[in-house]
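Welcome! Take a moment to look over the chain before you start, and try each exercise yourself before reading its solution.

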Amino acid sequence: MDRRPAWILGIATTLVYSVLAVLRFRRFTVTSWDNAIFEQALAAYARFEAPIVPVKGPGYHILGDHFSPIYAVLAPVYRLFPHAQTLLVAQAVLLGISVAVIASLAVRHLGSLIGTIIGVLYAVSFGLQSAVAADFHEVAFAVPLLALAGAAFVEARYDRVIWWSLPLLLVKEDLGFTVAAIGLALWLAGKRRKGLGLGIGGVAAVAIVVGLVIPSFNTGDAYDYVGTLGGDAGIWSTLTAEPGRKLLTVALTFAITGAAALLSPWAVVVVPTFLWRFVGDNPFYWGTEWHYSLTLMPVVFVAMIDVLARRPRLVWPAVLLSAAATVYTLIGSPLTTLADPDTWRESPRAEAAEGAISQLPRGAAVESDLGLLTHLATDYELYWRGTIGDAVPDYIVFDSAISSDDIVQYARKAHGTEYTVVYDEGGYVVARRGT
């Protein structure tokens, strides 16, 4: 069986998503503060220092926020290429590896034509696209691991399922529940001892990390996200909020597999992710945007392959339904922006943004809103205006599209000292401490 198409597809996915991510960065597209957070942590790892992230607050230890030590493996790469884009490309590589694994699995069990089609459908799935549009996140490391664990499950290599699942505990604390769900999948497949052991281990890991490890690095000696489960409204009220939106998310997640994934025991692995998202009081968790569906994609496509390998009569109906659902999700998706000539051009505000950055001496302490935050993390001691605390920056940078405050008045009130505007072009304003 020729598996080259699977790996060619994986390489192509890496290249396309790298280009998309870098073009968005080049155009100063504002997403969130996350890429800056991860870059500051990674830069600290590359210096063999504790992962202190000033963007989250002065002296903030990132392991007191989420337990995600796995991306420290990128430290040698970042040391060679100390740029924000390094994280974006690294994420694309991880997604490309997962595409190659899933396409290769599909080719082995369903033939070159169907296997390649499924690989393409997975590569353009909404979870992968939305993750790329949201910049780098640590859960990207979970995607190839879940693909490899799933491939081992389909091929009844149950010891490998366990070994590929265990590193998920280093990706993020909530993935311990996903590991436990993989244990349940093993139980359903008849491997009860292995399944029970993995299930208990996953839950125990969550308890230890959330109850002991994260609080030991957190200045409040606590896990900050406990309150998000249900929020002020309570778990039941939050779970039942916006049911149409949540049901659509679930429906699309399985529709892109032609609903075939529902017939596989591996599909149970998606349950913990859906549960924590739907009882979380952040509405961003509930839809198909951002990166929250990323870890679901390899699970449902592996489940699809698992079913079709055992039920050949479902192959074409499932693939055709999957293709139809995927076309629906492609409408207005991040990938379609590559067909827009403006995506390839420099942003109209790029010159002004670069001019603002040029006012900042390298290594200066800088406070910024979201406007240029991800572009400043590499070369500056960077703070976000919402979490700067008692730190007093040398410079403040505002994007008027985000911060409508008068920058001098803001600085006087926030820091008790005077700042002078040294740049005001194209909506970007830079103020320097002093008069």
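The exercises below go from the whole chain to single residues of this predicted model.

**Exercise 1. Overall build**

Task: Find how many helices and strands the chain has, and decide whether its radius of gyration agrees with that of a compact globule.

Solution:
- Start with the elements: the chain holds 19 helices and five strands.
- Next, take the length: for 435 residues, a compact globule would have a radius of gyration near 22 Å.
- Now compare: the chain has 23 Å, which agrees with the globule value.
- For the extents, the C-alpha trace spans about 75 × 50 × 45 Å along its principal axes.

**Exercise 2. Inside and outside**

Task: Work out what share of the residues is buried, and what share of the exposed area comes from carbon and sulfur atoms.

Solution:
- Count a residue as buried when its relative accessible area is under 20%.
- By that rule, 55% of the 435 residues are buried.
- Then turn to the surface: the chain exposes about 18400 Å², and carbon and sulfur atoms supply 63% of this area.
- Finally, look at the contacts with a separation of 6 or more: 71% of them join residues 24 or more positions apart.

**Exercise 3. A covered helix**

Task: Find how many residues of helix α6 are buried, and which helices they pack against.

Solution:
- Locate α6 at residues 126-133.
- Check its cover: eight of its eight residues are buried, among them Phe126, Leu128 and Val132.
- Look around it: these buried residues pack against α1 (4-26), α4 (84-110), α5 (112-123), α12 (243-255), α14 (296-310) and α15 (315-330).
- Step past the end of the helix: Asp135 follows α6 and has a positive phi, near 70°.

**Exercise 4. One residue in α1**

Task: Decide whether Thr14 is buried or exposed, and name what it touches.

Solution:
- Place the residue: Thr14 lies in helix α1.
- Apply the cut-off: because its relative accessibility is 15%, Thr14 counts as buried.
- List its neighbours: leaving out residues up to four places away in sequence, Thr14 touches Ala92, Val93 and Gly96.

**Exercise 5. Aromatic rings**

Task: Classify the pair formed by Tyr285 and Tyr292.

Solution:
- Begin with the total: the structure holds 15 aromatic pairs.
- Take the pair itself: the centres of the Tyr285 and Tyr292 rings are 5.0 Å apart, with 75° between the planes.
- Use the cut-off: planes over 60 degrees apart count as edge-to-face, and Tyr285 and Tyr292 are such a pair.
- Add the surroundings: Tyr285 and Tyr292 are both buried.
- To finish, find Phe38, Tyr45, Tyr71 and Phe136, which form one aromatic cluster.

Technical notes:
Residues are numbered from 1 along each chain as its sequence is written. This is a predicted model: local features need pLDDT of at least 70, side-chain atom pairs count only at pLDDT 80 or more; totals for chains, interfaces and linings use all residues. Side-chain values use heavy atoms; hydrogens and water are left out. Helices (H or I, at least four residues) and strands (E, at least two) are DSSP runs, numbered from the N terminus. The radius of gyration is taken over C-alpha atoms; the globule rule is 2.2 Å times the number of residues to the power 0.38. Buried means under 20% relative accessible area, exposed over 50%, partly exposed in between (1.4 Å probe, protein chains only). Contact means heavy atoms within 4.5 Å. Accessible areas come from the Shrake-Rupley method with a 1.4 Å probe; for residues, only the protein chains shown count as cover. Rings of Phe, Tyr and Trp (its six-membered ring) pair if their centres lie within 6.5 Å; planes under 30 degrees apart count as stacked, over 60 as edge-to-face and the rest as tilted.
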